[in-house]
Number of protein chains: 2
Amino acid sequence: MREEFETLAPCSANHVPLSPISFLKRAAQVYGKRPAVTYGPVTRDWAGFASRCRAVAAGLARLGLGRGDTVAVLSPNTPALFELHFAVPLCGAVLNTINIRLEPETVAYILRHSDSRLVICDTALAPVLQAAFALNRQDLPVIEIVDEVAGHSATRIGAPYETLAESAPCDWTLPDDEHQALALNYTSGTTGKPKGVVYHHRGAYLMAMGTVAGWGLPQHPTYLSVVPMFHCNGWNHPWAMAIVGGHMIFTRDALPEKLWAAIASHRVTHLGAAPIVMQMLVESPHAPATPFSPRIKALTAGAPPPPSVLERASALGLDVMQVYGLTETYGHISQCLWQEEWSDLPPARQAAMQAMQGVAFPMVEDLRVVDRKTGLDVPADGLTQGEIAVRGNTVMSGYYKDATATARAFRDGWFWSGDAAVVHPDGYVQIRDRLKDVIISGGENISSVEVEAALHRHPAVQVAAVVARPHSRWGEAPCAFVELRADMQASEAEIIAFCRDRIAHFKAPRTVVFQTLPKTATGKIQKYLLREAAKALGEQS
Amino acid sequence: MREEFETLAPCSANHVPLSPISFLKRAAQVYGKRPAVTYGPVTRDWAGFASRCRAVAAGLARLGLGRGDTVAVLSPNTPALFELHFAVPLCGAVLNTINIRLEPETVAYILRHSDSRLVICDTALAPVLQAAFALNRQDLPVIEIVDEVAGHSATRIGAPYETLAESAPCDWTLPDDEHQALALNYTSGTTGKPKGVVYHHRGAYLMAMGTVAGWGLPQHPTYLSVVPMFHCNGWNHPWAMAIVGGHMIFTRDALPEKLWAAIASHRVTHLGAAPIVMQMLVESPHAPATPFSPRIKALTAGAPPPPSVLERASALGLDVMQVYGLTETYGHISQCLWQEEWSDLPPARQAAMQAMQGVAFPMVEDLRVVDRKTGLDVPADGLTQGEIAVRGNTVMSGYYKDATATARAFRDGWFWSGDAAVVHPDGYVQIRDRLKDVIISGGENISSVEVEAALHRHPAVQVAAVVARPHSRWGEAPCAFVELRADMQASEAEIIAFCRDRIAHFKAPRTVVFQTLPKTATGKIQKYLLREAAKALGEQS
């Protein structure tokens, strides 16, 4: 009877708040003597790694940091940043990893907005941090990570990180509530101010568990750390490694020769990387002459690598799987799971299949593609576009100190991705465009991504971006902004004709503007400025 | 700042109750066309399987079953029982799988105590159910599973299960609260009445996820269903299969020839089985002549199989891993993870390593071996015994309608297993005995299991059990009860001498009683009766 079941209240024996801290505690016991991390000549086992995390946590607590306090970090991927993924939550505080490619103005904004109480800064980032402090006219306490493997000497911008690591290790402590904030990740939006995405302990626990299950991570993977840990905490992979007793290999820089050397000497089994890194890797002269064996499982996110890159990756022994997600979803929420029957397809068709964003990871509750007008799922016809909407425990708690943006993101009980996508008949999702970048011409959706892909095949085009320009008859028409390669030329008419030969005529640009494209500090094209420029050109007819 | 983080309240976009129902929903979408279940000539894919689960749930709801209502099931492992693991929770009710080897008296007790409102019964169990109804002088509504693959015809004890499966599928519904009861499993205790162990949705979700991560289950395992689903819901493996799109193979009976035929024809990759089934499997004349390839991952729980069985299993292509757990912990909480250096040991040493209960699964928060007097962990010396204590989200909610037993099990914020164990220097736990079976003689702990193992090596001994007999000088002394093989004989002095040749003298029995041993309906020896008998023999001197 219902009431008899409901008298069984949770107690400390059978209810533990979900937190990735538990994974580290277990790893120290179960995988104690197995390698956790290697960087240059230094290898630490899980027992030693966990001791250092507990020492750093104790050191942070001694500095007065605790529940709800934000600790900012400016560092490339190093063992110290890996340790901080456990040490900061262990002292109850919130980890705010800042993109190290940002300009001082944005770093200054993030330090202010996040209410950070301490900055842990790699020596190489000291100048950016000092510039940010100058802009804010306010310093914060600083701890300096001096990377001796990289040959750095202390700048004395702050106390050395190693003094924290020499503290007496703290006890294992979990948050009182699994919804307690764990991390704060600022989105590198292309418009406006970056927004602070809040993760909680429960979400990180489930993201890490779901990644192990969804990616099929075995016990003891050797994982090459390439995805920056300031992007969604490296897709939460640092926490997942503790579940399976993985071995994290660090190279600090994502230079292809360093990566290939690390892959070979440590026999890497798994990695994740942006498509551009994947491309550099497979096109590098340091790539091995024969396929790497056993084959390496690689995840990539963002614009799918071109077919030629995927083919070459496969020939080198890399099994690349496309994943999709956002900062707001702790990283990947979908994956392009390989279907056995694809193995019989020609390479170009295989590459097309691999370019899909695929199906939901196990920790995702619902992943839909919705017609925003009707609120219904789009048909699984591979053609009808809708917006990707998500529900699940690995959706952010919200934007820090931005109730308006939080409410907008969570309309109607879903998180709205802002990505336009189709669903194929096999249920696989494929992104077409950012929703705001879709051009609606004569009632037809035109994917700016598709038009840009056609433009990029033109030999004179260095980089191109396509936005909507008002059109008297069609509503909107594609307008291309093109940056030409040095010493190369092309006319507007020639570019338009080139595109009409390759994509449907209504999708080809009706305007081509030659100029240097506006970009953010991290190299993203600022389409909102181009949209304004296209509007300023006036209505076409 | 803490208060800014704490304004971010969970909403339906970012908070979903943890439930294994979510795994099935995703499996239907992501693995829709892949096989979920095969039994005889019938195979169903995950889309079809999920539809049937939803139909059965709708059928149950139509019968008036909902939140907090208990549905009892008497069935061997069949696809119907697999479906009920999702269908019953999906309609909000609680699944009470009853051990099919129990005598009618205990079945009657469980039906009464569990407040079951419906019984779903396989044709073969109809006589037991009818006897239980007669004992209770009360019938319950019955649904009959008619196993046509097994050649059964309906007895009309109740409406056929297939009419439920023909209902219009219900919508996907999750519990309001992840702590809502999901399953009720009665322990087959050797003393007193069985106790009803309550599982909740959160626990089953985490158990299934942790099993995938801890066992390293890949995508699409082919899993042979051998562990009875009335034991801890088959170690929660039915739910885990939905996470990875596994293929469950059913044989109904665990006959070695059927199991080997299924392993070969479906290319089984994973299975779990009791040691006795493992032994029957490897000793069967139907075992393959050459090692099965690729090798099969097998879990076994309970008393570790003898070294000869492990050696033979390995030669047949089975990688057997010992796991340990209790009904109260949803099944396995520890596993004897293989250490690479063991591969260099001689087979007998390897078997000894494989006999350990090992280290915690990822979903277990704490697994300790505690000296109950001091409350401290025993030293990791492989010698000092303590009691295994556990904390974590996969510890039962409590015993149904038994607040006293629940409070006793959860003393001091831990679940006390009642198992005496040691910790080896590498951190691996090894069970020595049930705590209440340990004999304390002259201050030394004697494991009844160890003495019994020595007795079992005597050619005339069919089965033996050892308990404590009061002793004037040593406090307690081992007393053996021995059932001899038909047509074989042995004297007390001969048996004692045989043991003294093989184990420390103080561990050898000081009394041997020849008799048929008292056993439960499921074949467990009732040691509490032997303890009474030993006490009745009077104090030894």
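## A walk through strands and core

Let's start with one pair of residues: A420(B) has D433(B) as its bridge partner in β21(B). Keep in mind as you look around that this is a predicted model. The pair belongs to a longer match, in which strand β20 (residues 415-423) of chain B and β21(B) run antiparallel and are joined by five bridges.

Zoom out a little and you'll find an open sheet of four antiparallel strands in chain B, ordered β17-β18-β20-β21. Its edges are β17 (364-370) and β21 (429-434), each of which pairs on one side only. Ignoring direction, neighbouring strands in this sheet are turned by 45° against each other on average.

Now hop over to chain A and look for strand β5 (residues 116-122). How many of its seven residues are buried? Seven of the seven are, so to speak, under cover. On one pairing, β5(A) runs parallel to strand β3 (residues 70-74) of chain A, with five bridges between them; here T70(A) is matched with S116(A). β5(A) also pairs in the parallel sense with strand β6 (residues 142-145) of chain A, over four bridges, and in that pairing V119(A) sits opposite V142(A). Add helix α6 (residues 126-136) of chain A, and β5(A), the helix and β6(A) together form a right-handed β-α-β unit.

Finally, the core. The largest nonpolar core counts 301 residues, and V71(A) and V71(B) have the most contacts inside it. Which residues does V71(B) touch, once neighbours within four places in sequence are left aside? Among them are L60(B), L65(B), V88(B), A93(B), L118(B) and I120(B), along with N96(B) and S116(B).

Methods. Residues numbered from 1 in each chain as written. Chains lettered and ligands numbered in written order. Predicted model: local features only at pLDDT ≥ 70, side-chain atom pairs only at ≥ 80, totals over all residues. Pairing = 2+ DSSP bridges. Helix = DSSP H or I, 4+ residues; strand = E, 2+ residues; numbered from the N terminus. Axes fitted to C-alpha atoms, helices over the stretch in contact; angles between N-to-C directions. Core = buried A, V, L, I, M, F, W, Y, C linked by C-beta atoms within 7 Å. Buried ≥ 20, exposed ≤ 12 C-beta atoms within 10 Å, placed from the backbone. Contact = placed C-beta atoms within 7 Å. Right-handed = clockwise from strand over helix to strand, strands pointing away.
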